[in-house]
Every structure is written in C-alpha cells, then in structure tokens.
Amino acid sequence: MAACIFCRIIKGEIPCFKLFESDKTLAFLDINPLSKGHALVIPKFHGEKLTDIPDDSLAELLPVAKKLALATGAEDYNILQNNGKIAHQVVEHVHFHMIPKPNEVEGLG
Ligand code: 5GP
Ligand code: ZN
C-alpha cells in the first residue's frame with residue numbers, strides 16, 4: 001500500500017532501527033518509545049487489522065516478540081496489539097508492540 005508508513009519502512013523508503021527481518025516479518029524500534037527497547041513487530045503483508053492478515057503471515061509475529069522480550073532482559077513487559085481507531089490504532093498496518101517495563105524495585109533504588 002503506497003501511503004502506508006509501515007509498508008514504506010518495509011520497502012526501505014523510510015529508515016528504521018531494524019531488530020529482526022525475515023521474508024514475512026519485520027521488527028524495529030518504535031520512533032516514540034514508551035520505554036527503552038519498545039519494539040514493533042509487523043507482517044510484511046499489508047492489512048489494517050489482525051483479521052485482515054493470512055495465518056501464515058501472522059505465525060512468526062509472537063515468536064519474534066518473545067525473542068525481543070528475552071533479548072531486552074526485562075522481567076516484565078507488555079505485548080499489545082490495537083485494531084481500529086476506537087481501539088487506539090493509529091498506524092493502519094497490523095503491528096504488535098513489545099514494551100519492556102523497567103524493574104520497579106531497581107527504579108526506586
Ligand atoms: P498504534 O497506536 O497504531 O498501535 O501505534 C503505532 C506506533 O507506531 C506508535 O507507537 C508510533 O510511535 C509508531 N510509529 C509511527 N510512525 C512511525 C515511524 O515512522 N517509525 C517508527 N519506528 N515508528 C513509528
Ligand atoms: Zn502497510
């Protein structure tokens with residue numbers, strides 16, 4: 001989809017800090033991170049919502065989010081996925097957020 005920001009990132013037309021890439025999947029750092037290491041995991045197949053994406057393009061997304069969560073070393077993290085404007089989706093290309101949460105005990109220290 002020509003105007004889609006994430007499709008343009010996939011094509012290399014917009015730069016990103018790439019974390020993982022395969023034939024079906026791309027993961028990169030969020031441009032406006034909610035925490036250090038906030039990553040986005042997207043299918044290369046364009047679709048707005050989870051229900052628009054074929055299963056074979058979805059299969060790798062959670063395993064990649066899991067690898068990224070492990071790579072950050074964060075004990076706690078959120079995996080989020082919004083579908084539609086009312087559900088707070090802004091970029092209309094399916095994406096999973098992987099948001100590491102700082103260790104609260106260390107944060108207080
Ligand atoms: P949503 O609210 O749609 O679930 O989240 C979209 C996410 O995409 C936001 O966290 C936003 O910061 C991120 N984002 C939007 N445009 C860009 C971009 O051009 N590059 C990167 N790396 N992230 C983006
Ligand atoms: Zn797209």
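These legends accompany a set of close-up views of one predicted model.

**View 1. The whole chain, before we zoom in.** Four helices and five strands make up the secondary structure of the chain. Followed along the sequence, they come in the pattern α-β-β-β-α-α-β-β-α. The radius of gyration is 14 Å, close to the 13 Å that the globule rule gives for 109 residues, so the chain is as compact as a globular protein of that length. Taken along the principal axes, the C-alpha atoms fill a box of roughly 50 × 30 × 25 Å. Buried residues account for 24% of the 109 residues. If you like contact maps, here is one number to keep in mind: of the contacts with a separation of 6 or more, 53% are between residues 24 or more positions apart.

**View 2. Strand β2 and its neighbour β1.** Three bridges join β1, residues 18-21, to β2, and the two strands run antiparallel. They form a hairpin, with three residues between the strands. Within this pairing, K18 has F28 of β2 as its bridge partner. β2 itself is largely enclosed by the rest of the structure, because four of its five residues are buried.

**View 3. Strand β3, paired with β2 and with β5.** On one side of the pairing, five bridges join β2 to β3, and these strands run antiparallel. L29 has A39 of β3 as its bridge partner, and F28 stands opposite L40 in β3. β3 is also joined to β5 by three bridges, again in an antiparallel arrangement. There, A39 is partnered with M98 of β5. A39 is thus a handy residue to centre on, with L29 as a partner in one pairing and M98 in the other.

**View 4. The two faces of β3.** How much of β3 is covered? The strand is mostly covered, with five of its five residues buried. A39, V41 and P43 point one way from the strand, whereas L40 and I42 point the other way, and all are buried.

**View 5. The largest nonpolar core.** This core has 20 residues. Those with the most contacts inside it are A27, A39, V41, A65, L68 and M98. Two or more residues come from each of α1 (5-11), β2 (25-29), β3 (39-43), α3 (61-72) and β5 (96-101). Which element gives the most to the core? That is α3, with five residues.

**View 6. V41 and its surroundings.** With neighbours within four places in sequence left aside, V41 is in contact with T25, A27, L61, V64, A65, H95, F96 and M98. V41 is also one of the residues with the most contacts inside the largest nonpolar core, and V41 points the same way from β3 as A39 and P43.

**View 7. V64 in helix α3.** V64 is found in helix α3. Is V64 buried or exposed? With 22 C-beta neighbours inside 10 Å, V64 counts as buried, since 20 or more are needed. Not counting residues up to four places away in sequence, V64 touches F20, T25, A27 and V41. I42 is 22 residues away along the chain, and its C-alpha atom is separated from that of V64 by 9.7 Å.

**View 8. F6 in helix α1.** Here the focus moves to F6, which is found in helix α1. F6 is buried, with 22 other C-beta atoms within 10 Å. Leaving aside neighbours within four places in sequence, its contacts are I42, V91, H93 and H95. F6 and H95 are 89 residues apart in sequence, yet their C-alpha atoms are 9.1 Å apart in space.

**View 9. H88, a residue to check on a Ramachandran plot.** H88 is found in the loop between β4 (76-80) and β5. What is its phi angle? H88 has a positive phi of about 75°, although H88 is not a glycine. H88 is exposed, because 9 other C-beta atoms lie within 10 Å and 12 or fewer count as exposed.

**View 10. The shell around ligand 1.** There are 14 residues around ligand 1, and I31, N32, N82, V90 and V91 come nearest. By residue type, the shell divides into nine nonpolar, four polar and one charged. V91 may look familiar from the view of F6, where V91 is among the contacts of that residue.

Technical notes. Residues numbered from 1 in each chain as written. Chains lettered and ligands numbered in written order. Predicted model: local features only at pLDDT ≥ 70, side-chain atom pairs only at ≥ 80, totals over all residues. Near = placed C-beta within 6 Å. Nonpolar A, V, L, I, M, F, W, Y, C, P; charged D, E, K, R; others polar. Core = buried A, V, L, I, M, F, W, Y, C linked by C-beta atoms within 7 Å. Contact = placed C-beta atoms within 7 Å. Rg over C-alpha atoms; globule rule 2.2 N^0.38 Å. Pairing = 2+ DSSP bridges.
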